[in-house]
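Subject: Structure for your review

Hello,

Here is the structure for you to look at. My notes on what was found follow below it.

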Amino acid sequence: MKRKTKSAIVIIAIVAAMGGIFGYIKFNNQIDKPTPEREKATAEYVEITFEDTTVPDEKEQVPYPNNLEEYKMRNIIHNMSHQKVKTNDDNKMGNTQITQAKVDRLLEIAKLNIKNYDNGDVYIKILERWSVDDFSNAVEDHNEIWEMQDGEVGKAIRLLTSEEEQAHIKFYFTKPLKPENSAQ
């Protein structure tokens, strides 16, 4: 019995020592890695310009099929509403630019699928307002769709100002041009 106890103690001691060595190595590796502040301090300044990639409505090809699934319709409307609303946590998951062509196409699809969608009347109501450039109820529109998606965070609290909306569009829907001195 003594022999088994001694063997168990030796095994536990070896495992503990190996764990300590492993922890020590990991800790030292973490210390050697640069922190984000160090990375920022050593980063080189590169000016980035933006190219307007917003698509004029008359040229836009909207690829949504007639049999668009309801959850996709709901996601697109939700993602488009982010262009118009401020949420309580500012972590807007998903962004789709609002264009007349998209709104018109989604409205057409919602009307085609009114009998197939559980909430087709809601989509039509929202999209009909949006099709005439009426976003005055965008907060309520966002939150109605958000609740259908069992939203827990990110409830809309107000409309964006025009400046905030333009910043949103620039951030999400324009792409940076490569600096002239960068490699292709």
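A residue counts as buried under 20% relative accessible area, as exposed over 50%, and as partly exposed in between. Ile14 has a relative accessible area of 45%, so it is partly exposed. Please keep in mind that this is a predicted model.

Ile14 belongs to helix 1, which covers residues 2-32. Together with Val10 and Met18, Ile14 makes a nonpolar surface patch of about 300 Å².

Overall layout

The protein contains seven helices and four strands. Read from the N terminus, the order of elements is α-α-β-α-β-α-α-α-β-α-β. Of the 184 residues, 32% are buried. The exposed area comes to about 13,000 Å², and 55% of that is supplied by carbon and sulfur atoms. Among contacts with a separation of 6 or more, 68% are between residues 24 or more positions apart.

The nonpolar core

The largest nonpolar core is made up of 27 residues. Within this core, the residues with the most contacts are Met73, Ile77, Leu106, Tyr123, Leu127 and Trp130. Helix 3 (70-81), helix 4, helix 5 and helix 6 are the elements that each give two or more residues to this core.

Tyr123 is worth a look on screen. Leaving aside residues up to four places away in sequence, Tyr123 touches Glu70, Met73, Arg74, Ile77, Ala110, Tyr117, Ile145 and Met148. Two of the names on that list, Met73 and Ile77, are also among the residues with the most contacts inside the core.

Salt bridges

Searching the whole structure gives eight salt bridges. Three of them are described here.

Arg129 and Asp141 form a salt bridge in which the closest N and O atoms are 2.2 Å apart. This pair links distant parts of the chain, with Arg129 in helix 5 and Asp141 in helix 6 (residues 138-148), twelve residues apart. Both Arg129 and Asp141 are buried.

Glu128 pairs with Lys111 in another salt bridge, with 3.7 Å between the closest N and O atoms. Here too the pair links distant parts of the chain: Glu128 sits in helix 5 (residues 120-131) and Lys111 in helix 4 (residues 100-112), 17 residues apart. Glu128 is partly exposed because its relative accessibility is 39%. Lys111, at 46%, is partly exposed as well.

The third salt bridge joins the side chains of Lys72 and Glu69, at 3.9 Å from N to O. Lys72 has a relative accessibility of 34% and therefore counts as partly exposed. Glu69 has a relative accessible area of 42%, so it is partly exposed too.

Two buried residues

Ala138 is in helix 6. Its relative accessible area is 0%, so Ala138 is buried. Ala138 and Lys84 are 54 residues apart in sequence, yet their C-alpha atoms are 6.6 Å apart in space. Apart from residues up to four places away in sequence, Ala138 touches Lys84, Val85 and Leu159.

His168 is in helix 7, which spans residues 162-173. With a relative accessibility of 7%, His168 counts as buried. Again not counting residues up to four places away in sequence, the contacts of His168 are His82, Gln83, Lys92, Asn95, Leu160 and Phe173.

Two positive phi values

Which residues other than glycine have a positive phi? Asp133 is one of them, with phi near 65°, and Asp150 is another, with phi of about 60°. Both are worth noting because most residues other than glycine have a negative phi.

Asp133 is found in the loop between helix 5 and helix 6. The relative accessibility of Asp133 is 59%, so it counts as exposed. Asp150 is found in the loop between helix 6 and strand 3 (156-159). Asp150 also counts as exposed, because its relative accessibility is 62%.

If you open the model, the pair Arg129 and Asp141, both buried, can be looked up alongside the pair Glu128 and Lys111. One residue of each pair is in helix 5: Arg129 in the former and Glu128 in the latter.

Regards

Definitions and conventions: Residues are numbered from 1 along each chain as its sequence is written. This is a predicted model: local features need pLDDT of at least 70, side-chain atom pairs count only at pLDDT 80 or more; totals for chains, interfaces and linings use all residues. Side-chain values use heavy atoms; hydrogens and water are left out. A salt bridge is a side-chain nitrogen of Lys or Arg within 4 Å of a carboxyl oxygen of Asp or Glu. Buried means under 20% relative accessible area, exposed over 50%, partly exposed in between (1.4 Å probe, protein chains only). Contact means heavy atoms within 4.5 Å. Patches are made of residues with over 30% relative accessible area and no salt bridge: like charges are joined within 9 Å, nonpolar side chains (Val, Leu, Ile, Met, Phe, Trp, Tyr) within 5 Å. Accessible areas come from the Shrake-Rupley method with a 1.4 Å probe; for residues, only the protein chains shown count as cover. A nonpolar core is a set of buried Ala, Val, Leu, Ile, Met, Phe, Trp, Tyr and Cys residues joined through side-chain atoms within 4.5 Å.
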